[in-house]
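Biologist: I am new to this structure and would like to learn how to read its features. Please show it and take me through them one at a time.

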Amino acid sequence: MPWYRRMTNAVAQERAARDIERETAFHIAELVEELMSTGMPEADARAEAHRRFGNPPRLNERTRDADLTRWLDSLVADVKYAARALRRSPGFTAVAILSLALGIGANTAIFTVTNALALRSLPVADPASLVQVTMGKNGEDFTNPLWEQVRAESTVFAGTLTFSSTQFVLSQGGEERRTAGHWVSGGFFTVLGVRAEAGRTLLPSDDARGCAPVLAVGDAFARREFGSPEAALGRTVPISGHPFPVVGVIDPSFTGLDVGRAADIYVPLCALPIVTGNPQILDQRSRWYLQIVGRRKPGVTDAQVNARLATISRGVFEATVPANWGDNDQKEYRTNALTSVPAGGGLSDLRTTYRSALFTLMVIVGVVLLIACTNLAQLLLARAAARQREIAIRLAIGVGRARLVRQLLTESLLLSLGGAALGILFASWASRTLVSFISNAARPIWLDLSLDWTVLG
């Protein structure tokens, strides 16, 4: 068997046994047909085929021993020999593993941060169909009157949502503290396809003018403040002195749309007048604080979305002209045009700020890994030169060249695995340290730095 089949079969031995039995049965049946074609009766042909072929169970067992058991024993022996050889050269082994660990760890750390900030998709339903509505070069922030107009006119979307990242003030008994959260439209979770871990998510009915105060909280906040998601339901959170009952705890995999800042609290947009004490705040046409996201309808392309947004732009901006602006500013305002950009990876000013720097660091640490591999290659060559006598003796006593090459590759594999394991431990610390450098107490940064198959690959 080829080596890759042997590795696969070593894991799935039952399947390998069935494959061997089918192969044996196939060859016997083929021999039976060949004998019958000469005029031999079927019963005689089958008996003769078994006589010529041999005892099938015994042959199957020998095949399994040759291709699985003996190969595994040989592999284990190679690993043990390689471990002993490396243990006899502790200086070489330590330098080789540390060199690899530095290169692998640095690359893994930078890629972990890059993946979390710039590459990973949101943990929502079909993130590829999400787009952010913008005003082209004029920015991503909208007023609430603009949001209401876009929501009413954007028939090209299967659903739209708006949100605004903020720091809520939690005040109780004279104590004040801040926690990150989102002002959200009623359809925020419905459009994203995010479910509640306990209770329910916010609904469109929660976001109507004059609404009663309610909110949803994140899993981490619920556990930190109330002990468990179930215990948080029905409890109140004092936002700027106003009690907001908790109606649901959001799935822990979702931490908001603002990548880099985990949201603890989600409050319906209609509650702004309650918290601010300004009953007219939702009608202000010069208050820019909302970001708009839409989900494309199935079969609708980005080009079609932008064409539809361009069509409704004039009416949307005409209906929301700020009355307190000057004539020239109003004229320029009317010329704005709506467009869209992909939003499957979430929205983040951190991404804009650090994206180029992170990719530059990726190149730098890639060079570091290349240097580490070059140094290790030179060490291995020097080690091979010093082992010429050992290799010559092994060849002289009959060790095949293929087995010798396999032995040397096994040693290299052990070094690689040791360097990778140590590098991943280093990366776990380094990635968190890197994030702490750009975080501060006023706006703490949170990124999902957990290792996944993408990062390990």
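Biologist: Which residues form a positive surface patch?

Modeller: For charges, Lys and Arg count as positive and Asp and Glu as negative, while His and the chain ends are not counted. A patch takes residues with over 30% relative accessible area and no salt bridge, joining like charges within 9 Å and nonpolar side chains (Val, Leu, Ile, Met, Phe, Trp, Tyr) within 5 Å. A salt bridge here is a side-chain nitrogen of Lys or Arg within 4 Å of a carboxyl oxygen of Asp or Glu. The place of a charge is NZ of Lys, CZ of Arg, CG of Asp or CD of Glu. In this structure Lys80, Arg84, Arg87 and Arg88 make up a positive patch on the surface.

Biologist: What kind of model is this, and how are residues numbered?

Modeller: This is a predicted model, in which local features need pLDDT of at least 70 and side-chain atom pairs count only at pLDDT 80 or more, whereas totals for chains, interfaces and linings use all residues. Residues are numbered from 1 along each chain as its sequence is written, and side-chain values use heavy atoms, with hydrogens and water left out.

Biologist: Where does Arg88 lie, and is Arg88 buried or exposed?

Modeller: Helices (H or I, at least four residues) and strands (E, at least two) are DSSP runs, numbered from the N terminus. Arg88 sits in the loop between helix H4 (56-87) and helix H5 (90-119). Buried means under 20% relative accessible area, exposed over 50%, and partly exposed in between (1.4 Å probe, protein chains only). Arg88 has a relative accessible area of 55%, so Arg88 is exposed. From C-alpha to C-alpha, Arg88 and Arg296 are 63 Å apart in space, and 208 residues apart in sequence.

Biologist: Which residues form a nonpolar patch on the surface?

Modeller: Areas of this kind come from the Shrake-Rupley method with a 1.4 Å probe, and for residues only the protein chains shown count as cover. Leu98, Leu422 and Leu425 form the nonpolar patch, with about 300 Å² of accessible area together. Of these, Leu422 belongs to helix H15 (residues 401-438). Leu422 counts as partly exposed because its relative accessibility is 36%.

Biologist: How many disulfides are there?

Modeller: A disulfide is a covalent bond between the sulfur atoms of two cysteines. The rule applied is a pair of cysteine sulfur atoms within 2.5 Å, and the count comes to one disulfide. Cys211 is joined to Cys270, with S to S at 1.9 Å. The link of Cys211 and Cys270 is right-handed, with 105° about the S-S bond.

Biologist: Which parts does the pair tie together?

Modeller: Cys211 is in the loop between strand E4 (196-199) and strand E5 (215-217), and Cys270 is in the loop between strand E8 (265-268) and helix H10 (272-276), so the pair ties together parts that are 59 residues apart in sequence. Cys211 is buried at 12% relative accessible area, and Cys270 is buried at 5%. Cys373, at 39%, is partly exposed.

Biologist: What is phi of Asp126, and where is Asp126 found?

Modeller: Asp126 is a residue other than glycine with a positive phi, near 45°. Asp126 is found in the loop between H5 and strand E1 (130-134), and is partly exposed at 48% relative accessibility. Ser240, not a glycine either, has a positive phi of about 50°. The loop between strand E6 (236-239) and strand E7 (242-250) holds Ser240.
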